[in-house]
Amino acid sequence: MMLTTRPRSKIGALAAIVAGDGPTILLIHGVGLRAEAWGAQIDALAIDHRVIAVDMPGHGFSAPLSAPADLSHFTTTMAACLNGPTVVIGHSFGAMIALDLAIAYPAQVIGVAALTAIYRRDPAARAAVMARANGLDGIKVADPAPPLDRWFGTAPSPERDACENWLLSVDQAGYKAAYGIFAHEDGPKDSALRALNCPALFMTGEREPNSTPQMSRGMAALTPKGRAEIIEKAAHMMPMTHAGAVNSNLRAFVQGCLT
């Protein structure tokens, strides 16, 4: 099911899987992936919501941005999906975009969930992510093994196979552009978190070494309506590997945003 390509709709310059009816939920995936990475969440949330799972620019069926310079280019493009009150959920770089959307468009974003979001990397983590970004040339297909090993370990699984397929097929220029911005950013400013008035959920995996539980707890502590949720035994790709726990938390969070 995760490898099956789902039909897309066009929303501005973006391609997106659109499913269900009801209050709107926007799902934004991470670098190198595509909307199908949210397959389990689409199925669970579309039962009683309108779910838009977007392909990030330069990923899936969405065209790359023209010379993106910073996070705001991605945020502005994603804002085309905000048509009325929306709960925005992002994973990894998608979480960075989701938080920026909530900060920039407070009248439309009624709740934000940031899954495995980064916040204030330590020097070693910053150097490692910058080295990975600098190793991309935007032409040659990047070796998928290092990110797959970080996300899943070395054991084979359907989830790992799906991500490998997406990493091998992603537009390399789009991948480089997105990863470069992800590497240079360091999470939302403290002042922006303190001013964020919508409900905010910061969720990460207990075993996630880069977007750590401490990062999620730190952001939640600064956000007036924030809370952190740590998924036991999970790591980076918890929306796929621990879908049951993730979906349960997301459904409860969305319901709270709508009441």
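Biologist: What makes F74, F93, Y175, Y179 and F182 a cluster?

Modeller: Ring pairs link them. Bear in mind that this is a predicted model. Five aromatic pairs are counted here.

Biologist: Why is the pair of F93 and F182 called edge-to-face?

Modeller: Their centres are 6.1 Å apart, and the limit for a pair is 6.5 Å. The planes meet at 70°, and edge-to-face begins over 60 degrees, so the name fits. F93 belongs to helix α3 and F182 to helix α7, so this pair ties together parts 89 residues apart in sequence.

Biologist: And how do you know that F93 and F182 are buried or exposed?

Modeller: Buried means under 20% relative accessible area. F93 has 0% and F182 has 10%, so both count as buried.

Biologist: What makes you say that a charge sits over the ring of F182?

Modeller: The charged end of R121 is 4.8 Å from the ring centre, and the distance limit is 6 Å. Direction counts too: the charge has to be within 35 degrees of the ring normal.

Biologist: Back to F74 in helix α2. How do you know on which side of α2 the buried residues lie?

Modeller: L71, F74, T75, T77 and M78 are the buried ones. They cover an arc of only 165° around the axis, so they lie on the same side of α2. Among the elements covering them are α3 and α7.

Biologist: Why are β1 and β8 called edge strands?

Modeller: The eight strands make an open sheet in the order β1-β2-β4-β3-β5-β6-β7-β8. β1 and β8 each have a single partner strand, so one side of each lacks a neighbour in the sheet.

Conventions. Residues are numbered from 1 along each chain as its sequence is written. This is a predicted model: local features need pLDDT of at least 70, side-chain atom pairs count only at pLDDT 80 or more; totals for chains, interfaces and linings use all residues. Side-chain values use heavy atoms; hydrogens and water are left out. Buried means under 20% relative accessible area, exposed over 50%, partly exposed in between (1.4 Å probe, protein chains only). Helices (H or I, at least four residues) and strands (E, at least two) are DSSP runs, numbered from the N terminus. The arc is that of the directions from the helix axis to the C-beta atoms. Contact means heavy atoms within 4.5 Å. Two strands pair if DSSP finds at least two bridges between them. Rings of Phe, Tyr and Trp (its six-membered ring) pair if their centres lie within 6.5 Å; planes under 30 degrees apart count as stacked, over 60 as edge-to-face and the rest as tilted.
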